[in-house]
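Trainee: I would like to learn how to read ring contacts in a protein model. Could you take me through a case?

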Amino acid sequence: MASTPETESADAPLVTRPAFAHFLLSRFGASLAYQMVSVAVGWQIYALTGSAMDLGLIGLAQFMPMLLLTLVVGHVADRYDRRKILAVCLTVETLSAAVLSAVSLAGEANHYVVYACIIAMSASRAFESPTMPTLIPAVVPRALIPRATALSASSNQIAQIAGPALGGVGYALGAGWVYALTALCYFLALLSMLTLKTEGLPSRKEPTTWRTLFAGFTFIASRRILLGTLTLDLFAVLLGGATALLPIFAKDILHAGPWALGMLRAAPALGAVSMALVLGRKNLTGNIGMTLFGALFAFGIATMVFGISTSIPVSIIALMVLGAADSISVVVRSSLVQLNTPNDMLGRVSAINMLFIGTSNQMGEFRAGVMASMTGAVPAVVLGGIGTVAVAALWMWWYPELRRLRSLHNVTPESG
């Protein structure tokens with residue numbers, strides 16, 4: 001009989017567990033591909049249109065499928081084999097990247113084609129993003145979920161270091177070659193997912209009703225610590241996000257080329273992966289709530305420093321601090337969701353979690369693009385950093401139980 005996560009030794013290194021290793025490779029490949037696409041698409045659209053608004057529209061194109069499909073994707077993840085769902089998503093992403101490569105190499109790319117492919121990939125990611133983390137409880141014992149979450153996050157952040165660098169440097173050869181490499185990475189992630197063997201997949205299929213569709217929202221709303229953590233991250237990153245404007249900073253403020261864009265996009269991930277590797281070796285202890293708020297204050301201040309910087313080294317350091325701070329928030333939020341949600345609801349709750357993340361990231365990019373078109377890139381980023389600090393201060397007051405949080409386990413309606 002095949003072993004399950006519960007029967008494996010909790011002392012064994014996580015990467016030696018075959019199921020977790022396959023999961024990690026699949027997530028890394030998909031993340032690496034997505035980061036390369038993000039760099040290539042941002043630079044290509046800015047080259048085609050020269051518009052900050054169009055850069056913001058990339059974020060909108062990435063976010064809208066997630067918003068429209070949230071209720072559906074969570075329910076699907078709780079009813080069907082999550083590995084098969086991910087395999088379908090990775091297949092669509094592979095084909096979309098291949099189309100981008102073909103039209104770019106043929107010299108036929110325009111912003112309409114790019115947006116269409118981004119929407120197709122984003123619709124797939126709407127299913128992929130909430131489904132991928134739901135596999136973690138099925139591949140490691142419960143006690144190791146925070147460590148597995150941190151290592152999973154670190155693999156994602158490593159991809160965010162390597163991906164932008166590959167995308168930025170590879171763009172010198174042409175966008176088509178970057179997209180071709182992206183398609184290859186998605187295909188390898190697909191192969192890793194197809195060979196993943198695990199236990200603990202959804203076994204109970206509830207009838208589809210309005211109650212079951214909205215069960216994830218009801219669950220989160222009944223636990224104030226979960227609600228406070230998710231909304232804190234939502235508004236902090238929504239206001240503080242500056243990723244969409246990096247092409248403008250690289251080209252017009254720092255007076256550099258695609259290589260600098262790759263460095264800037266990689267910098268937050270470099271800080272994040274360093275922090276995630278630390279958290280992957282040792283679980284968070286002590287006053288976790290104050291650690292979380294401290295990280296959000298650091299995020300906002302680092303955003304302001306980046307906004308006013310005219311030096312590439314200073315900008316990179318500020319983005320590294322920003323990434324390290326965000327990594328703490330990611331591990332706390334993801335661990336709370338994984339450790340306090342029943343498996344048969346994990347897809348729906350994860351979908352809402354990813355909606356919040358998507359809202360903060362993609363809509364944050366749209367917010368930055370719109371604001372930059374009205375006030376300029378520097379004021380848009382600096383004011384966003386100020387907004388992040390203000391949100392963290394307000395949430396400390398509105399959610400005192402989150403400020404006093406000392407454990408990631410057993411967040412009940414009463415304690416939350």
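Trainee: Which ring does the charged end of arginine 223 sit over?

Mentor: Keep in mind that this model is predicted. The ring is that of phenylalanine 219. The charged end of arginine 223 is 4.0 Å from its centre. Another case is arginine 125, which lies over the face of tyrosine 34. Here the distance from the ring centre is 3.7 Å.

Trainee: How many aromatic pairs does the structure hold?

Mentor: There are 6. A pair of aromatic rings is described by the distance of the centres and the angle of the planes. Take tryptophan 395 and tryptophan 398: their centres are 5.1 Å apart, and their planes meet at 55 degrees. That pair is tilted, because only angles over 60 degrees count as edge-to-face.

Trainee: Where do these two tryptophans lie in the chain?

Mentor: Both are in helix H16, residues 377-398. They are 3 residues apart, so about one helical turn separates them.

Trainee: Is each one buried or partly exposed?

Mentor: Tryptophan 395 is buried, at 8% relative accessible area. Tryptophan 398 is partly exposed, at 42%.

Trainee: Which residues do ring pairs link into a cluster?

Mentor: Phe235, Trp395, Trp397, Trp398 and Tyr399.

Trainee: What is the wider setting, in helices and strands?

Mentor: The protein chain has 17 helices and 0 strands. Of its 416 residues, 59% are buried. The chain exposes about 16100 Å², with 70% of that from carbon and sulfur atoms.

How values were computed:
Residues numbered from 1 in each chain as written. Predicted model: local features only at pLDDT ≥ 70, side-chain atom pairs only at ≥ 80, totals over all residues. Heavy atoms only, no water. Helix = DSSP H or I, 4+ residues; strand = E, 2+ residues; numbered from the N terminus. Buried < 20%, exposed > 50% of the residue type's maximum accessible area, 1.4 Å probe, protein only. Areas by Shrake-Rupley, 256 points an atom, 1.4 Å probe, with all protein chains shown as cover. Phe/Tyr/Trp six-rings, centres within 6.5 Å; stacked < 30°, edge-to-face > 60°. Lys NZ or Arg CZ within 6 Å of the ring centre and 35° of its normal.
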